[in-house]
Amino acid sequence: MSNRQLKLGDAIAWLAKLLHIPHCASCERRRVILNEIQTAGVKETLRRLKDCCN
């Protein structure tokens with residue numbers, strides 16, 4: 001079994017691709033922010049998400 005951890009941003013990106021939702025620069029910024037949720041914490045992640053597409 002692999003020690004590889006599935007990151008939230010990657011999971012959402014995979015699901016969007018599966019559903020044929022187009023990828024854009026905003027999607028990439030959200031993916032990176034969501035992948036850092038473990039180190040940044042939920043409160044900081046939500047703050048970053050609020051400001052990511054402005």
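Hi everyone, let me start with one residue: Arg-48 is partly exposed, with 29% of its relative area accessible. Keep that arginine in mind, as we'll come back to it in a moment. One thing to say up front is that we're looking at a predicted model.

First, a quick look at the whole chain. The protein has 4 helices and 0 strands, and reading along the sequence you get α-α-α-α. The C-alpha trace spans about 35 × 30 × 10 Å along its principal axes. How many of the 54 residues count as buried? The share is 13%. About 4700 Å² of the protein is exposed, and carbon and sulfur atoms supply 61% of that area.

Now back to our arginine and its partners. A search of the whole structure turns up 6 salt bridges. In one of them, the side chain of Arg-48 meets that of Glu-36, with 2.9 Å from N to O. Where do these two sit in the chain? Glu-36 is in the loop between helix H2 (25-35) and helix H3 (37-40), while Arg-48 belongs to helix H4, residues 42-51. They are 12 residues apart, so this pair links distant parts of the chain. Is Glu-36 buried, partly exposed or exposed? With a relative accessibility of 33%, Glu-36 counts as partly exposed, because that value falls between the 20% limit for buried and the 50% limit for exposed.

Arg-48 has another partner as well: Glu-44, with the closest N and O atoms 3.1 Å apart. Here both residues lie in helix H4, 4 residues apart, or about one turn of the helix. Glu-44 also forms a salt bridge with Arg-47, and there the closest N and O atoms are 2.5 Å apart. Arg-47 and Glu-44 are both in H4 too, with a spacing of 3 residues, again about one turn. As for exposure, Glu-44 is partly exposed at a relative accessible area of 25%, and Arg-47 is partly exposed at 45%.

If you put those contacts together on the screen, you can trace a network of salt bridges linking Glu-36, Glu-44, Arg-47, Arg-48 and Asp-51.

Let's turn to the other end of the sequence and the largest pocket. Its volume is about 190 Å³. Which helix gives the most to the lining of this pocket? That would be H1, with 5 residues. Helix H1 (8-18) and H2 each supply at least two lining residues. Among the residues around the pocket are Gly-9, Ile-12, Ala-13, Ala-16 and Lys-17, along with His-23, Cys-27, Arg-30, Arg-31 and Leu-34. Sorted by class, the lining has 7 nonpolar, 2 polar and 3 charged residues.

Last stop, the surface. Which residues make the nonpolar patch of about 540 Å²? They are Trp-14, Leu-15, Leu-18, Leu-19 and Ile-21. Ile-21 should sound familiar if you've been looking at the pocket, since Ile-21 is also in the pocket lining. Leu-18 is found in helix H1. At 49% relative accessibility, Leu-18 counts as partly exposed, because exposed means over 50%.

So that's the tour: a network of salt bridges that includes Arg-48, a pocket lined in part by H1 and H2, and a nonpolar surface patch that includes Leu-18. Thanks for listening, and I'm happy to go back to any of these on the screen.

Methods. Residues are numbered from 1 along each chain as its sequence is written. This is a predicted model: local features need pLDDT of at least 70, side-chain atom pairs count only at pLDDT 80 or more; totals for chains, interfaces and linings use all residues. Side-chain values use heavy atoms; hydrogens and water are left out. A salt bridge is a side-chain nitrogen of Lys or Arg within 4 Å of a carboxyl oxygen of Asp or Glu. Buried means under 20% relative accessible area, exposed over 50%, partly exposed in between (1.4 Å probe, protein chains only). On a 1 Å grid over the protein atoms alone, a cavity is a set of points where a 1.4 Å probe fits but cannot get out, and a pocket is an open set with protein on both sides within 12 Å along at least five of seven lines; lining residues have an atom within 4 Å of a point. Grid points are joined across faces, edges and corners, and a volume is the space filled by probe spheres set on the points. Ala, Val, Leu, Ile, Met, Phe, Trp, Tyr, Cys and Pro count as nonpolar, Asp, Glu, Lys and Arg as charged, and the others, Gly among them, as polar. Patches are made of residues with over 30% relative accessible area and no salt bridge: like charges are joined within 9 Å, nonpolar side chains (Val, Leu, Ile, Met, Phe, Trp, Tyr) within 5 Å. Accessible areas come from the Shrake-Rupley method with a 1.4 Å probe; for residues, only the protein chains shown count as cover.
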